[in-house]
Amino acid sequence: MTVAACRATPQVKDAVLAKPQSVDGIPTDVRNPAADSHAPLSNASMEEVSPEQLVNTTSSPREAERQTSLPDHLSSASAHRAVILLAWPVLLEQVLHFSVGFFDVYLSGRLGQEETAAIGMAAYVSWLGSMIFGLVGVGATALIARFWGAHQFDEARMIISRAMALAICLGIAVSSVLFSMAPGIVWLLGLSGESVNIGITYLRIDAIGQIFSAWVLVGAASLRGAGDMRTPLYVLCLTSVVNIVLSTTFVYGLGPFPTLGVNGIVYGTVCAQFSGALLMAWFLTSGRTVLQIVYKEFLIRRESTWRLMRIGGPAALDGVATFTGHFLFLMIIARLTNGEAAFAAHIIGVRVEALSYLPAVAFGIAGGSLAGRYLGAQRPDLARACGFAAVGQAVAYAAVMSVLFFTFAPQIYAQMHIDPLVQTIGVDPFRLMACYQIPNAILIVLVSTLRGSGDTRFPLWCAFLGTFFIRVPLAWYLGIVLDYGLFGAWIGMGADNILRCCLISWRYLAGRWIHVKV
């Protein structure tokens with residue numbers, strides 16, 4: 001896909017038509033031209049440029065039609081409309097993902113505290129897997145976005161081919177580690193009694209699905225770099241339907257299937273992940289997407305692996321640091337007064353909170369995809385504009401959700417769990433959480449935009465600072481030492497988000513991310 005909003009200046013044409021120097025088949029000079037003193041900066045709006053002004057480097061009319069279909073819509077849109085056009089498929093995808101997680105928690109809430117704790121623990125561990133897969137996925141998004149914006153389509157296909165090969169290896173490695181570490185994870189979280197056996201079994205089954213999850217997540221990240229937001233939506237539609245249907249069937253033993261209880265939830269999840277991986281593989285090999293796997297490039301090469309990890313490495317470390325902080329945070333919550341009830345209340349709270357931040361994730365992914373492609377097309381002015389537009393849309397939605405969360409907190413907990421103690425513990429912290437949804441939305445959007453542009457190191461340092469010097473110490477001191485319980489622990493969580501929001505906003509406004517080379 002080309003970026004139709006790019007002005008076809010002679011400098012752009014030269015950049016497109018020139019044969020770049022390469023290493024391992026990948027150009028080494030793909031960088032942000034704004035870093036060069038001669039790069040043209042235009043203040044023209046997106047409406048002023050038409051697709052016909054771009055240089056077409058495709059090899060066939062069919063290929064050209066596929067690659068220019070998205071920019072034909074973006075070329076006549078404002079920054080806000082451009083973000084919305086890309087964000088709505090991602091938003092639907094996030095809603096589906098939330099619905100599945102929400103439904104899993106709802107099913108476990110019908111079974112008991114131990115089952116809800118197991119679901120929450122597995123959700124955090126799966127989140128760790130997705131953060132590690134960002135080692136490849138974030139790098140693929142940034143590189144493909146730059147290549148696509150510069151009309152270097154063959155290089156983009158090479159990147160997705162090698163990224164998917166890495167995804168398989170990474171998925172197997174993560175699955176093996178999580179499977180073997182399941183007893184240690186349960187022990188670290190302080191679970192006891194029947195929760196121990198439930199947790200270990202659940203985690204080990206869930207670990208198998210990480211192999212399929214890696215394939216889907218890296219494939220989706222690569223497609224988004226080229227602006228294809230709909231294909232990941234189709235994949236998640238399938239996995240969501242399979243997950244909900246099979247989880248319900250296995251939990252309650254519907255039809256010819258035995259009653260599996262809480263394990264039925266995770267069996268349904270793994271089956272859904274497998275079906276999603278099959279569909280993603282079909283899309284990437286059938287020629288029905290703008291990016292396809294090139295079989296001769298479906299291998300691991302040192303140079304391309306280094307380029308992917310140089311960008312994705314900080315993002316993956318960011319994710320691991322954030323996960324470690326959240327894990328320590330969970331250990332604190334499990335040791336609060338009424339630990340199991342507080343743990344269940346926390347899991348419900350963060351699941352429902354997704355209703356607020358998932359749109360921010362969608363706007364951030366759209367902003368990151370647009371920013372990366374506009375930087376590749378020598379339009380840093382439009383890259384900045386798309387980021388600002390994404391923030392504005394996410395903040396407006398987060399403000400509405402803050403009011404709803406604060407107002408209806410008692411009703412939410414009454415519907416989500418049958419235990420009155422869980423309901424009582426959860427309401428006040430949930431109302432506190434409602435008060436910092438706006439800075440949380442800003443943080444999510446700007447971090448995604450920076451990553452989509454290749455700036456992954458600064459968010460890493462912010463995550464490290466906020467997690468280990470704000471969130472965890474405050475949660476321990478307020479929640480355990482002063483015995484403020486879950487409310488005190490969530491003060492630490494809010495303070496972390498607000499600090500990082502301020503730091504990331506400063507980074508974005510300063511504009512140094514525009515000059516980051518990929």
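**A tour from helix H16 to helix H15**

Begin by selecting Ala-495, which lies in helix H16 of this predicted model. Colour the residue by accessibility: Ala-495 is partly exposed, because its relative accessible area of 26% falls between the 20% limit for buried residues and the 50% limit for exposed ones.

Next, display the surroundings of Ala-495. Leaving aside residues up to four places away in sequence, Ala-495 touches Ile-470 and Leu-474. A distance drawn between the C-alpha atoms of Ala-495 and Ile-470 should read 6.8 Å, although these positions lie 25 residues apart along the chain, counted from one to the other.

Now select residues 457–481, which form helix H15. The helix has 25 residues, and its first and last C-alpha atoms are 34 Å apart, close to the expected 36 Å. Centre the view on Thr-467: here H15 has a kink of about 35 degrees. Thr-467 is also one of the buried residues of the helix.

Which other residues of H15 are buried? Select Phe-458, Pro-459, Leu-460, Cys-462, Ala-463 and Gly-466 on the way to Thr-467, and then Arg-471, Val-472, Ala-475, Leu-478 and Gly-479. To see what covers the buried residues of H15, add helix H10 (302–334), helix H14 (437–452) and H16, which are among the covering elements.

Follow the chain out of H15 to Asp-483, whose phi is positive, near 60 degrees. Then select Tyr-484, placed in the loop between H15 and helix H16 (485–510). Is Tyr-484 buried, partly exposed or exposed? Its relative accessible area is 48%, so Tyr-484 counts as partly exposed, the upper limit of that class being 50%.

Keep Tyr-484 selected and add Trp-476, Tyr-477, Ile-480, Val-481 and Leu-482; with Tyr-484 they form a nonpolar patch on the surface. Together, the residues of this patch have about 570 Å² of accessible area.

Finally, zoom out to the whole chain. In cartoon view, the secondary structure comes to 16 helices and 2 strands. Of the 518 residues in the chain, 61% are buried. A contact map adds a further view: among contacts between residues at least 6 apart in sequence, 84% join residues at least 24 apart. With the molecular surface switched on, the accessible surface of the chain comes to about 19800 Å², and carbon and sulfur atoms account for 65% of that area.

Conventions. Residues numbered from 1 in each chain as written. Predicted model: local features only at pLDDT ≥ 70, side-chain atom pairs only at ≥ 80, totals over all residues. Heavy atoms only, no water. Patch = residues over 30% accessible without salt bridge, like charges linked within 9 Å, V, L, I, M, F, W, Y side chains within 5 Å. Areas by Shrake-Rupley, 256 points an atom, 1.4 Å probe, with all protein chains shown as cover. Salt bridge = Lys/Arg side-chain N within 4 Å of Asp/Glu carboxyl O. Helix = DSSP H or I, 4+ residues; strand = E, 2+ residues; numbered from the N terminus. Buried < 20%, exposed > 50% of the residue type's maximum accessible area, 1.4 Å probe, protein only. Expected span 1.5 Å × (residues − 1). Bend = angle between axes of the 7 residues up to and from the residue. Contact = heavy atoms within 4.5 Å.
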